[in-house]
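New notebook page. I'm opening the model and jotting down what I look up.

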Amino acid sequence: MICESEGIVVPATIDAIEVVAQYLEECLEQADVPLMDMTRIQLAVEEAVTNVVTHGYENPGGNVSVRCVSSPELVTITITDTGPAFDPTKIPPADVTADLDHRNIGGLGVHLIRSVMDEITYNREMDENHLTLVKRLG
């Protein structure tokens, strides 16, 4: 089965993370995505949305939109916001082997997203950030 929804638009607040998680769960379940993959995808998307909520807007009032297209073979999620341009694909890989005292601050969320998803693309169009996450299944 395929789930292709219009997506959701929510205020960029901490409460949005739970709403996005519920939306994703419904879409992924409808497409019969295996539970382990569903959990990993939700974790990556929650991290990306958390980054928008906590870092994306200097002033409250912005929105974040999430659109999921899923099938038993492929899941594509697009996260859009109007915060300042930020391309997470340009963040250098986190050195997770370094001693805690020698690690750079930040970047672990992007590391998590990279380790869970198969493709991550970013583009900026008409003052909007578009982050697309792709997971191949099976």
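I count two strands as paired if DSSP finds at least two bridges between them. Helices (H or I, at least four residues) and strands (E, at least two) are DSSP runs, numbered from the N terminus. The model is predicted, so I note that local features need pLDDT of at least 70, side-chain atom pairs count only at pLDDT 80 or more, and totals for chains, interfaces and linings use all residues. Residues are numbered from 1 along each chain as its sequence is written, and side-chain values use heavy atoms, with hydrogens and water left out.

Entry one: strand 6. I find strand 5 (residues 119-125) running antiparallel to strand 6 over seven bridges, with Thr-121 opposite Thr-132. The two strands make a hairpin with two residues between them, and Met-126 in the turn shows a positive phi of about 50°. Strand 4 also pairs with strand 6 in the antiparallel sense, over eight bridges; there, Ile-77 has Leu-133 as its bridge partner. Seven of the nine residues of strand 6 are buried (under 20% relative accessible area, 1.4 Å probe, protein chains only), so strand 6 is largely enclosed by the rest of the structure.

Entry two: the core. I looked up the largest nonpolar core (buried Ala, Val, Leu, Ile, Met, Phe, Trp, Tyr and Cys joined through side-chain atoms within 4.5 Å), and it has 35 residues. Ile-41, Val-45, Val-49, Ile-77 and Ile-79 have the most contacts inside it. Helix 2 gives the most to this core, eight residues.

Entry three: Ile-79. Leaving aside neighbours within four places in sequence, its contacts (heavy atoms within 4.5 Å) include Val-45, Val-49 and Leu-131.

Technical notes: Buried < 20%, exposed > 50% of the residue type's maximum accessible area, 1.4 Å probe, protein only.
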